[in-house]
Amino acid sequence: MKQLLILLLFFSLQTFEKLLIANRGEIACRVIKTCKKMGIKTVAIHSDVDANAVHVKMADEAVCVGPAPTSKSYLNMDAIMEVIRKTRAQAVHPGYGFLSENKEFARRLASEGVTFIGPDTHAIQAMGDKIESKLLAKNAKVNTIPGFDGVVKDADEAVRIAREIGYPVMIKASAGGGGKGMRIAWDDEETREGFRFSSQEAASSFGDDRLLIEKFIDNPRHIEIQVLADKHGNALWLNERECSIQRRNQKVVEEAPSTFLDPETRKAMGEQAVALAKAVKYSSAGTVEFLVDSSKNFYFLEMNTRLQVEHPVTECITGLDLVQEMIRVAKGYPLRHKQADIPINGWAVECRVYAEDPYKSFGLPSIGKLSQYQEPLHVPNVRVDSGIQQGSDISIYYDPMISKLITYGSNRAEALKRMEEALDNYVIRGVAHNISLLREVIIHPRFVQGDISTKFLPEVYPDGFKGKCFWLTWEKHEISVKIFSSVCFFFRIPIAKSKRSSWELSVHLGDGIYPVAVSKHGSSFFVEVDGMKLKVTSEWNLASPLLSVTIDGTQRTIQRISRNASGETSIQFLGTVYKLQILTKVAAELSKYMPEKAAEDTSSILRSPMPGTVVAVSVKPGDMVSEGQEICVIEAMKMQNSMIAAKTGKVKAVHCKAGDTVGEEDLLVELE
C-alpha cells in the first residue's frame with residue numbers, strides 16, 4: 001500500500017518526459033542538472049564548434065543545429081524546431097540570452113504543442129519591449145524613470161529628445177538586455193555616436209534596432225527583485241539581488257540580499273514587482289530590475305522574462321531551485337509556497353569569471369584553449385556553475401564567461417571570506433581571466449562597507465584596473481611572501497629534498513630589485529628581504545599548480561604560473577599575476593650588461609586590443625586623421641568597440657577590412 005501511494009504521488013507530480021535546452025554553456029548544464037534530478041530526459045543543441053562541449057556530453061541526446069555563428073545555430077529557429085520534431089521533445093527551456101525572450105520562438109513552439117518553459121507570448125512581448133513595458137509599469141503604479149516613451153527614429157531626433165529630457169541620458173535598445181545596445185550620452189555628439197553604436201549592436205544581438213531614450217540616474221544602485229508566478233494567479237517576490245558592480249553595463253559581482261535595503265523598501269519593491277507581473281498575467285520565474293538612488297527612491301528599469309544569470313544567489317538564500325519551479329509552473333502546477341514562506345537565510349555572493357583581460361577597459365575578451373582548469377570545489381559552501389572543462393575552447397563566437405563562482409555563508413563577512421579563498425584556489429590557464437579584478441573588488445573597503453553604485457569600478461579605478469601593486473604601497477610583508485613563493489618555484493624541485501641550506505639571490509619585482517637571503521632550518525625556511533625575516537612552512541608539491549604555505553602563522557595559497565631559463569617567473573598571489581626575475585648574485589651583476597629591447601612607438605600604430613571581427617574601417621591610405629578620430633570598429637562577443645587614432649597624422653597603411661577576423665595585438669592601421 002505504501003509503495004502504491006509513493007507511485008501515485010510520483011505520477012501526480014510528473015512534468016515532462018523529454019525537454020530540449022535551446023542554449024549552450026553553463027546555463028545549459030544548469031538546466032540539465034535539475035532535469036536529471038526530476039527524472040526528465042534532456043536534448044542538447046549545439047553548433048559545430050561546440051560538438052565536444054560539456055552540455056553536449058551531459059545531455060541524453062545532442063543534435064547539431066548549424067555552424068558557429070549564432071545566427072546560423074543557436075538563433076536558427078528553423079533548425080531548432082526540426083530538432084524538436086525529430087527528438088519529440090515535449091518542452092523547451094531557453095536559458096538566458098539567444099531565444100529566451102523571443103516571442104516568435106514561443107509562438108512557434110505553442111503552435112506545435114510544445115511547452116515553452118517561460119511566460120506566454122503576451123508577457124514576453126509586453127516586457128521584452130522596453131517602451132511598452134514602461135507604459136505598463138506606469139499603469140501598474142510602478143515607479144518609472146522620466147524619459148521618451150516612443151521609438152527614436154534617427155540621430156537627429158535622438159539629439160532633440162535628449163535635449164528635452166536633459167543630459168545625461170541613457171540610449172538603449174528597446175528589445176535589448178545584458179548591457180548590449182546601451183550607451184550613456186552627456187552631450188549632442190555622444191548622443192549621435194551612441195545612437196549609431198546602440199542601433200548596430202541592437203540589430204546584431206536582437207534583430208531589432210529600435211531605441212529609446214530616458215533620463216540617466218547618475219550614481220545609482222542596480223537592485224533587482226526575483227519574482228515567481230504560476231498560471232493560477234499566484235505570484236511571489238523572492239527577495240532582491242544587489243547587482244551594482246558592473247562594467248560596460250554588464251554585471252560582474254552580485255549578492256543577495258543587498259546591504260542597502262531596509263525591510264520597508266524591500267517590501268515596497270517586492271510588491272511593485274509582483275504588481276507588474278500580475279498586470280501582464282506573468283507565469284514563470286522573472287526579474288524586475290530597479291535603479292535605486294541614495295535616498296532609497298527606486299525606479300523601474302526593465303523586466304527580464306527569463307532566468308537571470310545571477311539566479312544562484314537567490315537559490316542559496318531561499319533554498320528554492322528556480323529551474324525546477326519554472327518547469328512545474330510550465331506544466332500547470334500551482335506554486336508550492338506563500339509569500340510568508342520565503343526566507344532570507346544567510347548571504348550569497350556570485351562572481352562572474354570571464355575569459356577577459358581586466359587590465360583593458362575592465363575586461364576585453366580573450367580566446368584560447370583552457371590548458372589547465374581546476375575549480376575550487378574543495379572549499380566549503382562553494383558552488384561553480386560552468387559549462388567548460390580542461391581542454392575546452394573559449395571562442396570568438398560566444399560570451400566569454402568561464403563560470404559563475406558562488407559562495408554562501410551565514411552572514412556577508414563569511415560569504416566574502418569564502419569567496420577570497422575560492423578565487424585564490426581557482427586554477428585557469430590558457431586564457432586571460434578576471435580573477436584579479438574580482439578579488440580586488442570583494443576586499444575593497446568601499447565594497448566591504450556596502451558603499452557601492454554602478455559607478456564603483458570607474459570611481460575606484462579612474463585610470464583603469466592595474467592589479468594589486470604592492471611595490472607602490474611598500475607592503476614589505478606581502479613583497480616578501482611573493483618573493484619567497486617565486487624562490488620556491490625557482491629551484492624546480494621540492495626544496496625540502498635539496499642538500500643546500502642557504503641561498504643568496506636577486507629578485508626583480510616591479511620597479512624594484514631586492515637582495516634575498518633564503519635559509520633552511522629543519523622543515524622550515526626563513527626568507528629575509530630588506531631587513532624583514534619571515535618563517536615559512538609548507539608541504540612542497542611542485543607538481544601541483546597550487547602552493548599552500550604558512551607564513552608567520554598565516555596560511556596563503558599561491559599559484560605558480562610559469563618559469564623560463566632566464567629566471568623569469570610568473571606567480572598568482574591574491575588574485576593578481578606577478579612577473580618576477582630571480583637570479584643568482586653573479587647573474588644579476590652580469591644582467592646589467594644585457595641590451596634592452598627598444599619600445600615600440602605605439603602612437604603611430606593601431607593594434608587590436610582583443611580578438612574580434614572588423615565591422616567597419618573609416619580610413620584609407622593617404623587620409624589625414626585627428627587625435628581621437630575613429631579609425632575602425634571591432635566587434636567581439638556582440639559588443640562593438642571604436643578604435644581611435646592616438647595622434648594626428650597621415651594614414652600610411654591599412655591592414656584590415658570589414659569582415660576580417662583579427663586577433664589580439666594584430667596590426668590594424670599605421671600612421672606616418
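Is E356 buried or exposed? To find out, select E356 in this predicted model. At 3% relative accessibility, E356 counts as buried, because the cut-off for that term is under 20% relative accessible area.

**First stop: E356 and its partner**

Keep E356 selected and add R248; the two side chains meet in a salt bridge, with 3.9 Å from N to O. R248 belongs to the loop between strand 11 (235-247) and strand 12 (250-256), whereas E356 is part of strand 16 (residues 356-357), so this pair ties together parts 108 residues apart in sequence. R248 counts as partly exposed, at 28% relative accessibility. Next, select E224, R241, K251, E254, E289, E310 and R352, which are joined into one network by salt bridges that share partners.

**Second stop: helix 9**

Now select E201 and R183, whose side chains form a salt bridge of 2.9 Å, N to O. E201 is in helix 9 and R183 is in strand 8 (residues 182-185), so the contact ties together parts that are 18 residues apart in sequence. E201 is buried, with a relative accessible area of 0%.

Then select R196 and E630, the side chains of which also meet in a salt bridge (2.9 Å, N to O). This pair links distant parts of the chain, as R196 is in helix 9 and E630 in strand 35 (residues 630-636), 434 residues apart. E630 is buried at a relative accessible area of 15%, while R196 is partly exposed at 33%. In total, the structure holds 46 salt bridges.

Remain at helix 9 (residues 188-206) and select E193, which is located there. E193 is partly exposed, with a relative accessible area of 41%. Add D187, E189 and E190 to the selection: together with E193 they form a negative surface patch.

**Third stop: a sheet of four strands**

Select strands 36, 35, 33 and 38, which form an open sheet in that order with antiparallel pairing. Its edges are strand 36 (639-644) and strand 38 (661-662), each of which pairs on one side only. Strand 33 (residues 612-617) pairs with strand 38 over two bridges. T613 has T661, in strand 38, as its bridge partner.

**Fourth stop: a nonpolar patch**

Which residues make the nonpolar surface patch of about 390 Å²? Select V586, L590 and Y593 to display it. V586 lies in helix 19 (residues 585-591) and is exposed, with a relative accessible area of 59%.

**Last stop: strand 27**

Finally, select K533 in strand 27 (residues 532-538). K533 is partly exposed, at 49% relative accessibility. Add V518: the C-alpha atoms of K533 and V518 are 9.4 Å apart in space, and the two residues are 15 residues apart in sequence.

Terms used: Residues numbered from 1 in each chain as written. Predicted model: local features only at pLDDT ≥ 70, side-chain atom pairs only at ≥ 80, totals over all residues. Heavy atoms only, no water. Patch = residues over 30% accessible without salt bridge, like charges linked within 9 Å, V, L, I, M, F, W, Y side chains within 5 Å. Areas by Shrake-Rupley, 256 points an atom, 1.4 Å probe, with all protein chains shown as cover. Salt bridge = Lys/Arg side-chain N within 4 Å of Asp/Glu carboxyl O. Buried < 20%, exposed > 50% of the residue type's maximum accessible area, 1.4 Å probe, protein only. Lys, Arg positive; Asp, Glu negative; His and termini not counted. Charge placed at Lys NZ, Arg CZ, Asp CG, Glu CD. Pairing = 2+ DSSP bridges.
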